[in-house]
Amino acid sequence: MDGDGGSVSAVGIEARLVPLQSRRQRAIYQFTQQSLPACKPVLTPAWVIITFLLIGAIFIPVGLVSLHASQNVVEIIERYDADCIPEEYQSNKVAYIRDSSISKNCTRVHKHMKAPIHIYYQLDNFYQNHRRYVKSRSDQQLLHGLWYNDTSSCKPEELNNGLPIVPCGLIAWSLFNDTFKFVRGSEEMKVNRKNIAWKSDRDHKFGKEVYPLNFQNGTLIGGGKLDPRIPPLDHIFDQLSDQEDLIVWMRTAALPSFRKLYGRIEEDIEADDVIAVYLKNNYNTYSFGGKKKLVLSTSSWLGGKNNFLGIAYIFVGSSSIFTSFVFMLLHVKNRR
């Protein structure tokens with residue numbers, strides 16, 4: 001009985017395996033021959049024309065709304081590096097910018113701005129995307145400070161007088177250091193320089209217990225200096241995670257012309273107010289033919305002033321409607 005039962009069960013299993021294998025083989029065959037069941041919509045002329053018309057009907061209004069939002073952004077761009085050079089130094093601008101004994105104060109006047117106002121500095125012909133420049137930093141040192149000793153990637157700004165530099169590298173060494181002060185009437189306007197950097201950068205890329213050390217102490221000064229004081233001295237928190245101008249600068253730009261956020265004016269400015277801008281023209285762009293610009297801009301729900309998105313939507317929508325009319329004429333003319 002056992003033998004008969006065993007033979008019956010074996011035959012049953014074998015009978016069940018055969019159809020399974022055949023179904024699998026059949027599925028593989030259908031897949032390789034591209035004959036699997038599938039949805040195959042037939043693109044009739046009516047469906048094509050309606051689809052293009054629908055794309056145009058959606059894209060054109062979206063483009064118009066985006067373009068209107070961009071046009072409502074008030075933006076003032078002014079190049080100040082050329083006008084802020086004294087007459088006697090026009091022929092030797094590099095000597096002027098390198099002479100620390102000469103005052104770098106300069107006054108510019110702006111009118112008709114509505115709040116909220118974002119303050120940017122714009123640099124042209126500055127290649128932050130250069131390979132050697134981008135590599136000249138140590139992310140581990142920015143996060144752990146002196147606990148991380150391997151800063152060979154920071155060359156040539158790795159050591160100074162045999163001591164490590166914190167933060168090291170050419171990016172930090174070339175920190176932008178022009179300053180701006182805005183005055184309305186006789187009252188200085190407050191510029192909020194907090195929360196100008198990405199929160200992820202502040203929390204995860206720059207250490208809470210990392211402080212500047214031996215920075216900009218060499219013979220050749222690249223840009224701005226950082227305050228090395230330690231918090232308990234006078235309750236000034238100067239760890240790298242709080243120095244947001246450095247964090248903004250360390251996020252390198254992909255193009256040779258770029259803007260970086262300097263701060264925000266959070267109080268309202270009426271249209272008839274006159275704002276005087278007092279700036280210190282410290283940063284050297286003259287030695288490589290760069291340009292510096294001050295940008296004051298409001299914002300909309302889409303961000304800053306940028307017409308490209310709205311124009312792109314309108315172009316795609318208009319092209320779709322035009323294509324639909326072409327198809328419609330061809331369909332009417334050559335009806336089957």
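In the predicted model, the buried residues of helix 9 are G310, G317, S320 and S324, and these buried residues pack against helix 2. Helix 9 covers residues 308-333. At 1.5 Å a residue, the 26 residues of helix 9 should span 38 Å, and this expectation agrees with the separation of 37 Å between the C-alpha atoms at the ends of the helix. An α-helix has 3.6 residues a turn, so residues three or four places apart point the same way.

Helix 9 also takes part in a nonpolar patch on the surface, to which it gives the most, with three residues. The patch is formed by L53, F325, M328 and V332, which together have about 330 Å² of accessible area. Of these residues, L53 has its place in helix 2, which comprises residues 45-71. L53 is partly exposed, with a relative accessible area of 31%; this residue can therefore be counted in the patch, because membership requires over 30% relative accessible area. Helix 2 is thus the element against which the buried residues of helix 9 pack, and it is also the element that holds L53.

With regard to the protein chain as a whole, nine helices and ten strands are present. Buried residues make up 34% of the 336 residues in the chain, while the area that the chain exposes amounts to about 21,000 Å², of which carbon and sulfur atoms supply 59%. Among contacts between residues at least 6 apart in sequence, 81% join residues at least 24 apart.

Key
Residues are numbered from 1 along each chain as its sequence is written. This is a predicted model: local features need pLDDT of at least 70, side-chain atom pairs count only at pLDDT 80 or more; totals for chains, interfaces and linings use all residues. Side-chain values use heavy atoms; hydrogens and water are left out. Patches are made of residues with over 30% relative accessible area and no salt bridge: like charges are joined within 9 Å, nonpolar side chains (Val, Leu, Ile, Met, Phe, Trp, Tyr) within 5 Å. Accessible areas come from the Shrake-Rupley method with a 1.4 Å probe; for residues, only the protein chains shown count as cover. A salt bridge is a side-chain nitrogen of Lys or Arg within 4 Å of a carboxyl oxygen of Asp or Glu. Helices (H or I, at least four residues) and strands (E, at least two) are DSSP runs, numbered from the N terminus. Buried means under 20% relative accessible area, exposed over 50%, partly exposed in between (1.4 Å probe, protein chains only). The expected span of a helix is 1.5 Å times one less than its number of residues. Contact means heavy atoms within 4.5 Å.
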